[in-house]
Each structure stands twice: as structure tokens, then as C-alpha cells.
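User: I've got this protein open and I'd like to talk it through. Can you take my questions one at a time?

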Amino acid sequence: MKNLLIVANMPSANTATLANAVLRGANHKDLDGVETLLLAPLDAGPEHVLKADGIIIGTTENFAYMSGLIEDFFKRIYYPCLEEKQGMPCALYIREGTDGTGTRIAVEKIITGLAWKTINAPLILKGEYQSGFGSECKELGTMVAAGLEAGIF
Ligand SMILES: Cc1cc2nc3c(=O)[nH]c(=O)nc-3n(C[C@H](O)[C@H](O)[C@H](O)COP(=O)(O)O)c2cc1C
């Protein structure tokens, strides 16, 4: 059994919907070899990351940067996980109003520092909220869980 961890910032109803859509996608009925845990950043720590075989990070963009809670998560897990988790598959989605560039660059720098393996071009959910965002997040969850189950990441 593989363990997939989703750490998602959920400051609004929309962002909670997105995170839960990722979880639903990962729990696809045809996938029985992956156990998925969704945690808010403050509830997630090194113990969860060390146990994970793959991770999906979901962040909002705030002040042209990742959310403060996701930054705090990275600060708490960085050194405790640095040696053991190199090569861990990682996917990213960003919910933003107008421009997610700062967030994308900042998260990618940290992921590079951690030597995690990036498995998608970040899913960017931009502008006014659209119902289709949920489907995109669900697909992301299924894609990552299926890849982990199949051992292709
Ligand atoms: C304090 C604050 C700062 C924000 N800064 C940015 C920003 O720099 N760039 C951006 O694209 N969106 C920014 N946003 C928009 C948020 O990313 C967006 O509100 C959040 O993803 C929640 O989306 P929702 O309205 O669909 O719930 C900001 C929001 C808040 C509350």
C-alpha cells in the first residue's frame, strides 16, 4: 500500500472544495493500492511527510507568494525530511486571483531544495472561481494516485 499525502491551504469554501476534489480523485474506486490523507498545513508535520510515498501541495497565492501556512509547513518539514525524502514524487496546484508566478517560482525552489521529483506542470486555477476547477483537481488526484499505484513516478 502506498501513502499519498495532500497538504492544502483551505482559507475559503472554494479552496476547501478544491482540496476535497483532489482527495476524491485520489480515492478513485479503481485504485485500491493507495491510501490518501488530506491535511491542512498546520496539521501536517515531518511525521506525515516521512510516511508519504507521494505528496500533493495545494496553495493559494497571497501577496504574490505562497500562503503563509504552506510556507510554515515547508519550514517545519524541510530539515527533518531533507535526507530521507529525496526523489519523492510531488504535484502542485495553485489557486490564485490574477497571477501565480511568484508562488510557482517560490514553491518550485523549495521542492528543488528538497530534491522532490516534480510530476506535473503546476495546476493553475486562476481568476474568478469556476466549477470546472473541481474537476481539474479531481483529475490531478486520480493522476497522482494512479501513478503511485502503478509505480511510474
Ligand atoms: C490577503 C490576500 C492576498 C492575496 N494576494 C494575491 C496575489 O498576490 N495574487 C493573486 O493572484 N491572488 C491573491 N489573492 C487571492 C487569493 O489567492 C484567493 O482569494 C484565494 O485563492 C481564494 O480563492 P477563492 O476566492 O476562490 O476562495 C489574495 C487574497 C488575499 C485574501
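What follows is a run of questions and answers on this predicted model.

User: Let's start with the overall layout. How many helices and strands are there in the protein?
Analyst: Reading along the sequence, you get the pattern β-α-β-α-β-β-α-β-α-β-β-α. Tally that up and the protein has five helices and seven strands.

User: What is the radius of gyration of the protein, and how does it sit against the globule rule?
Analyst: Along the principal axes, the C-alpha atoms fill a box of roughly 40 × 35 × 25 Å. For 153 residues the globule rule gives 15 Å, and the protein comes close to that, so it is as compact as a globular protein of that length. The radius of gyration is 14 Å.

User: What share of the contacts with a separation of 6 or more is between residues 24 or more positions apart?
Analyst: I6 gives you a feel for the contacts here: leaving aside its neighbours within four places in sequence, its partners include A19, L38, I56 and G58. For the protein as a whole, the share of those contacts that link residues 24 or more positions apart is 84%.

User: Now the interior. Which residues touch the most other members of the largest nonpolar core?
Analyst: Buried residues make up 41% of the 153 in the protein. The largest nonpolar core has 45 residues. Within that core, the ones touching the most other members are L4, I6, V22, I55 and V144.

User: Is β3 largely enclosed or largely open, and how many of its residues are buried?
Analyst: Look at its partners: β1 (residues 2–8) runs parallel to β3 and is joined to it by five bridges, while β5 is also parallel to β3, with six bridges. β3 has nine residues, and its burial count is why it is largely enclosed by the rest of the structure. The number buried is eight.

User: Which residue in β5 stands opposite I57?
Analyst: On the β1 side of β3, L5 has I55 as its bridge partner. The pairing of β3 with β5 is parallel, and there I57 stands opposite L92.

User: And β4, which residue there is the bridge partner of E61?
Analyst: β4 covers residues 65–66 and pairs with β3 in the antiparallel sense over two bridges. The hairpin these strands make has two residues between them. For E61, the bridge partner in β4 is M66.

User: F63 caught my eye. Is it buried or exposed?
Analyst: F63 lies in the loop between β3 and β4, and it takes a positive phi of about 50 degrees although it isn't a glycine. A residue counts as exposed with 12 or fewer other C-beta atoms within 10 Å. F63 has 9 such neighbours, so it is exposed.

User: What about A64, how does it class for exposure?
Analyst: A64 is also in the loop between β3 and β4, and it too isn't a glycine, yet has a positive phi of about 60 degrees. It has 14 other C-beta atoms within 10 Å, so A64 is partly exposed.

User: Last one, the ligand. Which element gives the most residues to the shell around it?
Analyst: There are 15 residues around the ligand, with S12, N14, T60, E96 and G97 the closest. The elements giving two or more residues are α1 (13–26), β3 (54–62) and β5 (89–96). By class, the shell has three nonpolar, eight polar and four charged residues. The element that gives the most, with three residues, is β3.

Methods
Residues are numbered from 1 along each chain as its sequence is written. This is a predicted model: local features need pLDDT of at least 70, side-chain atom pairs count only at pLDDT 80 or more; totals for chains, interfaces and linings use all residues. Helices (H or I, at least four residues) and strands (E, at least two) are DSSP runs, numbered from the N terminus. The radius of gyration is taken over C-alpha atoms; the globule rule is 2.2 Å times the number of residues to the power 0.38. A residue is buried if 20 or more other C-beta atoms lie within 10 Å of its own, exposed if 12 or fewer, and partly exposed in between; C-beta atoms are placed from the backbone. Two residues are in contact if their C-beta atoms, placed from the backbone, lie within 7 Å. A residue is near a molecule or strand if its C-beta atom, placed from the backbone, lies within 6 Å of it. Ala, Val, Leu, Ile, Met, Phe, Trp, Tyr, Cys and Pro count as nonpolar, Asp, Glu, Lys and Arg as charged, and the others, Gly among them, as polar. A nonpolar core is a set of buried Ala, Val, Leu, Ile, Met, Phe, Trp, Tyr and Cys residues joined through C-beta atoms within 7 Å. Two strands pair if DSSP finds at least two bridges between them.
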